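Trainee: Could you walk me through reading strand pairing, unusual backbone angles and cores in a model?
Mentor: Gladly, let's open it and go feature by feature.

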Amino acid sequence: SAAWIAPNLAITNAHVALRGLKVTGKDDRGNSYEFTEILGIDEEADLAIIRAKDVSDRPALKMLDRPADPKDLRGTDVRVIGNTGGLELSFYKGRITNVVGKEGGAVLLHDANTAGGSSGGPLIENEGGKLVGVNHSSLPHLNAKAAAPSWIVKNLLDKAATNKVLPFLEAFTTKDMPVDWYVERAVCMKPGEVFKGVFSAASTYDLVADITPAQSGAPMVFLLTNGREKLAQAAVTGKAVGAWTLAAKGHHVYALLNPKTATKPACATVRFGRIKWSQRLAN
């Protein structure tokens with residue numbers, strides 16, 4: 001789901017647009033649109049601004065300014081619009097139940113009964129008709145849905161005015177990936193020995209693993225799990241780089257094995273990092 005915030009720009013979720021080749025959409029009147037460029041990404045707020053090809057006349061939603069105290073929004077009646085189940089646009093009534101988090105990481109909680117397909121759909125205030133937020137996830141343990149507030153959308157739109165504008169095909173290429181490395185460890189293993197390590201992911205994101213053996217040709221086995229299931233496994237004989245999308249936050253376990261058949265110790269440097277796609281757009 002998405003909403004127009006300028007005559008040719010739409011706001012949706014980052015997890016909808018990330019790694020796209022292009023994005024296509026259709027409105028309630030049957031008009032089709034092709035979005036070929038991305039202007040802004042905020043992975044923390046789960047927002048992306050995308051540009052429609054050959055479009056310049058869409059009526060845009062006005063955005064609600066940040067209140068002096070965002071918690072004053074509690075109790076605000078909203079309509080939530082989403083492409084529920086891929087069945088085209090559905091409307092839901094609800095209220096903002098709380099506003100949590102600090103300035104740049106604020107989240108609106110609401111009780112509208114949305115369902116799958118509503119990601120990126122707008123929350124619109126009943127009285128003024130302004131955009132209040134952009135839906136991005138469900139929080140069943142809180143009996144609530146979560147949305148990024150309008151003032152974070154406005155900040156991203158302001159940044160987009162000075163960002164690079166990139167076609168999807170250039171924005172998400174693996175060449176020169178912008179990586180924020182946060183784990184780096186040198187390990188050595190005797191023949192038959194296993195090294196195990198743990199890193200913690202505070203959220204879902206695109207993970208990169210970089211394994212650089214100290215000596216070429218020394219075979220090792222790499223394993224990555226989330227504690228419940230195997231995410232990746234590979235035989236490594238030289239420098240290896242892999243990327244995965246973490247589906248859940250929390251602790252992840254990685255292991256390196258020097259086979260029993262090896263004749264000498266195997267050493268390597270292991271790095272883990274997060275792809276920071278937004279850096280591709282920053283001037």
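Trainee: Which residue in strand 4 is the bridge partner of Lys26?
Mentor: The general idea first: strands in a sheet pair through backbone hydrogen bonds, in a parallel or an antiparallel way. In this predicted model, the bridge partner of Lys26 is Ser32 in strand 4. That pair belongs to a ladder where strand 3 (residues 23-26) and strand 4 (residues 32-42) run antiparallel, joined by four bridges.

Trainee: How many residues lie between strand 3 and strand 4 in their hairpin?
Mentor: Five residues lie between them, and Gly30 in the turn has a positive phi of about 85 degrees.

Trainee: Which residue stands opposite Glu37 in strand 5, and which in strand 12?
Mentor: In strand 5, Arg51 stands opposite Glu37; in strand 12, Pro167 does. Strand 4 pairs with strand 5 (residues 47-52) over six bridges, in the antiparallel sense. With strand 12 (residues 166-167), strand 4 has two bridges, again antiparallel. Strand 4 and strand 5 also form a hairpin with four residues between them, and Asp46 in the turn has a positive phi of about 60 degrees.

Trainee: What is the strand order in the open sheet of four strands?
Mentor: The order is 13-20-15-18, and the pairing is antiparallel. Strand 13 (179-189) and strand 18 (240-245) are at the edges with a single partner strand each, so one side of each has no neighbour in the sheet. On average, neighbouring strands of this sheet are turned by 15 degrees against each other, direction ignored. To follow one pairing in detail, take strand 13 and strand 20 (residues 266-275): 10 bridges link them in the antiparallel sense, and Val179 has Ile275 in strand 20 as its bridge partner.

Trainee: Where are Glu88 and Asn143 found?
Mentor: Both are worth a look for their backbone angles. Glu88 sits in the loop between strand 6 (77-82) and strand 7 (90-100), and its phi is near 75 degrees, a positive value in a residue other than glycine. Asn143 lies in the loop between strand 10 (131-139) and strand 11 (144-149), with a positive phi near 55 degrees, and is likewise a residue other than glycine.

Trainee: Is each one buried, partly exposed or exposed?
Mentor: Glu88 has a relative accessible area of 42%, so Glu88 is partly exposed. Asn143 has 68% relative accessibility, so Asn143 counts as exposed.

Trainee: Which residues touch the most other members of the largest nonpolar core?
Mentor: As a general idea, nonpolar side chains tend to be buried together in soluble globular proteins. Here the largest nonpolar core has 31 residues, and Ile5, Ile11, Leu47, Ile49, Leu108 and Val153 touch the most other members. Among the elements that give two or more residues to this core are strand 1 (3-6), strand 5 and helix 2 (150-160). Helix 2 gives the most, with five residues.
Mentor: Leu47 makes a good case to inspect: leaving aside neighbours within four places in sequence, its contacts include Ile11, Val134, Ala148, Ile152, Val153 and Leu156. There is also a second, separate core of 23 residues, including Ile38, Ala52, Phe168 and Ala171.

Trainee: Where is confidence lowest and where is it highest in the protein chain?
Mentor: The lowest is strand 18, at a mean of 89, and the highest is strand 2 (residues 9-12), at 97. For the protein chain, the mean pLDDT is 91, and 100% of its residues reach 70 or more.

Notes. Residues are numbered from 1 along each chain as its sequence is written. This is a predicted model: local features need pLDDT of at least 70, side-chain atom pairs count only at pLDDT 80 or more; totals for chains, interfaces and linings use all residues. Side-chain values use heavy atoms; hydrogens and water are left out. Two strands pair if DSSP finds at least two bridges between them. Axes are lines fitted to C-alpha atoms, for helices over the stretch in contact, and angles run from 0 to 180 degrees between N-to-C directions. Buried means under 20% relative accessible area, exposed over 50%, partly exposed in between (1.4 Å probe, protein chains only). pLDDT is the predictor's confidence in each residue, from 0 to 100. A nonpolar core is a set of buried Ala, Val, Leu, Ile, Met, Phe, Trp, Tyr and Cys residues joined through side-chain atoms within 4.5 Å. Contact means heavy atoms within 4.5 Å.
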